[in-house]
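Student: Please take a close look at one part of this assembly, the contacts between its chains. I would like the cut-offs stated as they come up.

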4 protein chains.
Amino acid sequence: MTIKIGVLGATGYTALELLKLLRRHPQAEVIAVTSRENVSPIAEVHPSLTGQYSICCENLKPQDLADRGVQAVFSCLPHTATAAVAPELLRLGMKVVDFGADYRLNNVDVFNKWYNVIHPDPERLPSVPYGLPELFRDAIRGASLVANPGCYPTSAILPIAPLLKHGYVAPDDIIIDSKSGVSGAGRKPSLKNLYPECNEAISAYAVGSHRHTPEIEEVLTNASGKNASVIFTPHLTPMDRGILSTTYLKPLANATQEELLNFLKDFYKDEPFVQVVDALPTTKDVIHTNRCHITVRTVGSRISTISVIDNLIKGAAGAAVQNFNILFGFEETTALL
Amino acid sequence: MTIKIGVLGATGYTALELLKLLRRHPQAEVIAVTSRENVSPIAEVHPSLTGQYSICCENLKPQDLADRGVQAVFSCLPHTATAAVAPELLRLGMKVVDFGADYRLNNVDVFNKWYNVIHPDPERLPSVPYGLPELFRDAIRGASLVANPGCYPTSAILPIAPLLKHGYVAPDDIIIDSKSGVSGAGRKPSLKNLYPECNEAISAYAVGSHRHTPEIEEVLTNASGKNASVIFTPHLTPMDRGILSTTYLKPLANATQEELLNFLKDFYKDEPFVQVVDALPTTKDVIHTNRCHITVRTVGSRISTISVIDNLIKGAAGAAVQNFNILFGFEETTALL
Amino acid sequence: MTIKIGVLGATGYTALELLKLLRRHPQAEVIAVTSRENVSPIAEVHPSLTGQYSICCENLKPQDLADRGVQAVFSCLPHTATAAVAPELLRLGMKVVDFGADYRLNNVDVFNKWYNVIHPDPERLPSVPYGLPELFRDAIRGASLVANPGCYPTSAILPIAPLLKHGYVAPDDIIIDSKSGVSGAGRKPSLKNLYPECNEAISAYAVGSHRHTPEIEEVLTNASGKNASVIFTPHLTPMDRGILSTTYLKPLANATQEELLNFLKDFYKDEPFVQVVDALPTTKDVIHTNRCHITVRTVGSRISTISVIDNLIKGAAGAAVQNFNILFGFEETTALL
Amino acid sequence: MTIKIGVLGATGYTALELLKLLRRHPQAEVIAVTSRENVSPIAEVHPSLTGQYSICCENLKPQDLADRGVQAVFSCLPHTATAAVAPELLRLGMKVVDFGADYRLNNVDVFNKWYNVIHPDPERLPSVPYGLPELFRDAIRGASLVANPGCYPTSAILPIAPLLKHGYVAPDDIIIDSKSGVSGAGRKPSLKNLYPECNEAISAYAVGSHRHTPEIEEVLTNASGKNASVIFTPHLTPMDRGILSTTYLKPLANATQEELLNFLKDFYKDEPFVQVVDALPTTKDVIHTNRCHITVRTVGSRISTISVIDNLIKGAAGAAVQNFNILFGFEETTALL
């Protein structure tokens, strides 16, 4: 069985990674890639796809996709743009994985406040599963629409959620200091992501105001049953890709570092894409893979977790393929090893 | 008046920066550079000094330096090596700025424990000023030996100390998350500082065990009169130079962000090398300078400071020249603008 | 059918890439990885293999490999080390792909002169095929031992050889200016490949003396039937991986740029891993792939080709897997798309 | 004596470097910085100038500058914009150093063709000196307007011109392969200079069509008296700054490498900013300085020179200050050591 696939908003970095991954997927065939402005061959937009894809970008509507037989849509559109077309895509029988934030939050008021918009499809929010299979696999399995997690949230939720749920750490004093490669800022030219501005430079940004903050809080709360409150500081780091998140958590129990390590190892022992490691990880251990490496340390009066992912793969395109595999009943690791 | 200068351990990166700065100092003349292993012209060791210095590295003893008329010694030797020669250098009438950790701590037991050695010159520790002029200028002025601060401590103490002393933040819940360029790891080849290991990679290291932890704690305690306890996590960042420190502090007073910003601006208003800025700083704003840029934010239940320095200049060679200027009564900014 | 594989010298960067590629190969099973000094789990040597490989490095002899049933050996050993064991590996029935230079040249005198050694297995040289399938596929097919090409030669031979053979360019005035990422310098720590030495720096090295010079000359001569003479200048470029080679060739015919482009497109039209492109390529188009992108320009009195590869993949591990696929009759692109 | 200075087009990278250098110049006072669009404090445009400059960008006309007493203008405007105002600046008695290309060529037809415009001030071209003091110091001394050289030309002309003039190399077969940091592409956001496009990537650009080609040809011809013909290929290299130019020259005489090295050392022996070195240079030896390091090698049938500069300093702002010093009779090295 081969699934016919459409990719919405195919000119950015996450779409590029997605197209590379799908090239390796024996049950996936990309038959449409869309752009509102660009009608070039996708291999001109992304020269690294030369010889890999011969299709061109098109400005397509949901009905066009349906007419061509598209069964699965990956949407890399900016926020609110997916929610504007998702209802029709679903009505036409397509399954949808949304890379954006439109369906990540359950609470539409939180969405409207943080994204400063009116959500176009608010009723659907509470029922869309959060596409982090390691925590919500069952909900994803039966869904038609999956909200692919944000990159920072993936890096932070995977280490914290189990500790929080088990009662090892307090929900109201969670500090997350994250460092991301520049591809996370997207492919639209602006002064802040010019090479000579980013290179040889590290900076904090969106301090206290990054939109992934409520996402982390809500998902941690849902996953643990505790009302999580998060301080989150992202940093722009001079590298293409990769996120490292260092957390500072307040211990509730008197657990040793070894106990915490073993707990996490056991929690993720059956997960193909989460490795709990003894040594301190570097982003280089996981870039260009769908894996998350996690370790934990007790430091003075705090518990620190350190976790690394590739923001474009486990933090975006890889997780999307993982969700696609679940949605269609394929082996979850297909195209991801 | 020209001061004759000797540089001990001249083959590393901090010595290189020092030699570049001293080239611009109208009252400094470097007449000796030492190395235990290398007898090459210093311009071969550091090709960027070609045409700037014609002297060669030599293996010199304190008496050799005295015989040549050296009046000021900058020591870039590894820890305990300076303390092994400092007493004789001082006895022979030279003034000494130590780049290393030997005289930074007052408490010799803390030193011996964290550095896992027996300090060769323990009696002197309590009387050596910590060479951070912004906080200890008066003590430096009359000294013969100055302990140049560590790079991470400089980046963290400058923003925290005033807030702590004034009672804005609690002394027992100080979290410092620092990101440093690779030059901080020195110039000795090892797997961990190879280009293909560091590039496109960020990692935490020495979590809970970095030797700058007790230094930050002791200096914050001395500067504030409060018993500071610190959690410090350094990260190796893919860039040559620069440190950004993000702190997470617990507020004691109910101060607004604006009040905190104004307080810090006022505190440092006369300091030529500390700029309290409104916008979020990047390391790129200060690399290749002796300046520290600081800002402060209130985020949820925390106060965050964000500060940036060049680890090799304000974090090492620049601070050393600043201390040299104070020791010899020169304008403090000489060679540093 | 699954082939049991041994990897000699598994601690370096090319071996790491090989192990990643073989993980995706359905007919390959790595059962032994060797090191003379290291007996750690391979996933500790290369943390990015965590969860992917559970075997440990061992110091194994050819007979040990045979005893375990190894059928194919990839050798990432330093020069002359492979030639010291290859005869026995072959005698024991294993097929061998050598990443090193030992069997690349036909002329042992040239080898001994440029590598400043006595070749341990000189008689075999003339009969070992050069493992560039695009030019020597038939010879590889029937072989037991293949000499995997050098990274720079791959980048330069692919564009030049067809032009030379067809008489478009002169054999005696070939200039190749190549730029390589730092991983090409290997994983052994030395001052020259430290991060702070390589970063923000480009330099020429081995000018007039790089050992890939005679390799390029001999292979171009063999491929074209003309006596090629080459000036080759490699440059160390601040990036992990990738080679871009710019050539300056002397035209013999009066061909237009369009004719040259079409000629090359036609020449490589059936090759899955060589793309002749119209636009100027960047290394980023091909890193992390087994592909080579080539273009050609007429500039004043010269013809310039510009070609890019990933030095670790098409320039090493990918080409090795391609040769392995040919040796064992697998689809040539297996594990390489 | 202090010279009052205006900087036109102050928002880019070369202007930033200029402002940093002038901060160290005891006889320079910057009293006006202009921008057509930006009226922010210059320290907001360039945060690294915080605390160094308090003036704001303004949209000023030549008469405004004259009214304020500006005596020297550095123009960092795009091409033809300087030539549109230079006549009036000169008429008002100001001296002008132009960072752009407007007055670099003597031949207006060549200018109009390569820049695809009509030059606004064509009569002046033949009389404006080319601001490379090492070759044209006398002409600069008496001038009112100086054409600051292009960055690539500086790196290529300094090594080639003496060899060409002396007859060591042929004028009609000059190949220049240059590698530049990304700051050379300016500070205007575009896809091609985004961090994730440039990082981990090297590419050739403007092959056969770069506007520095006629500049190099004309200046080499003027400097040597021989009709120089040049093939020039620039490459975008993943680093902030620095240019390395590798040349491939055809020998006319039978000179040894040692003779060529000694000839160049002698030629530049009195120049403070040109160092002829024995070892192969790296851009890192000269970035953040006004120096050019050059070496020469004989390789097969060619002579290769390898030269390095900082494109923003010796290739722009530093050369401009050097010219300013000559124009006003200051010590040529002022603010540049």
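Tutor: What follows starts from one arginine and then goes on to two interfaces.

The model is predicted, so local features need pLDDT of at least 70 and side-chain atom pairs count only at pLDDT 80 or more, while totals for chains, interfaces and linings use all residues. Residues are numbered from 1 along each chain as its sequence is written, chains are lettered from A and ligands numbered from 1 in the order in which they are written, and side-chain values use heavy atoms, with hydrogens and water left out.

A:Arg302 lies in strand 13 of chain A, residues 302–309. Strands are DSSP runs of E of at least two residues, helices are runs of H or I of at least four, and both are numbered from the N terminus. With a relative accessibility of 3%, A:Arg302 is classed as buried. The classes are buried under 20% relative accessible area, exposed over 50% and partly exposed in between, with a 1.4 Å probe and protein chains only. Leaving aside residues up to four places away in sequence, A:Arg302 touches residues of both chains, including A:Asp173, A:Tyr248, B:Asp173, B:Ile231 and B:Arg302. Contact here means heavy atoms within 4.5 Å.

The side chains of A:Arg302 and B:Asp173 form a salt bridge, 3.5 Å from N to O. The rule asks for a side-chain nitrogen of Lys or Arg within 4 Å of a carboxyl oxygen of Asp or Glu. The two side chains also make a polar contact at 3.5 Å. That term covers a pair of N or O atoms within 3.5 Å; within protein, one must be able to donate a hydrogen and the other to accept it, and residues adjacent in sequence count only if both atoms are side-chain atoms.

Across the interface of chain A and chain B there are four salt bridges and 20 residue pairs in polar contact, both residues at pLDDT 80 or more. On the chain A side, the elements that give two or more residues include strand 9 (230–236), strand 12 (292–299) and strand 13. Strand 7 of chain A gives the largest share, four residues. By class, this side has 19 nonpolar, 10 polar and 10 charged residues. Ala, Val, Leu, Ile, Met, Phe, Trp, Tyr, Cys and Pro count as nonpolar, Asp, Glu, Lys and Arg as charged, and the others, Gly among them, as polar. The contact takes 39 residues from chain A and 39 residues from chain B. The area buried between chain A and chain B is about 3,100 Å², with 63% from carbon and sulfur atoms. Buried area is the accessible area (1.4 Å probe) that two parts lose on being put together, summed over both.

Chain A also meets chain C, where 20 residues of chain A are in contact with 20 residues of chain C. About 1,700 Å² is buried between chain A and chain C, and carbon and sulfur atoms give 41% of that area. On the chain A side, A:Arg24, A:Thr50 and A:Leu337 lose the most area to chain C, together 27% of what that side buries. Two salt bridges cross this interface of chain A and chain C. A:Lys284 forms a salt bridge with C:Asp240, with the closest N and O atoms 2.5 Å apart. Nine residue pairs are in polar contact between chain A and chain C, both residues at pLDDT 80 or more. The side of chain A that touches chain C has five nonpolar, eight polar and seven charged residues.
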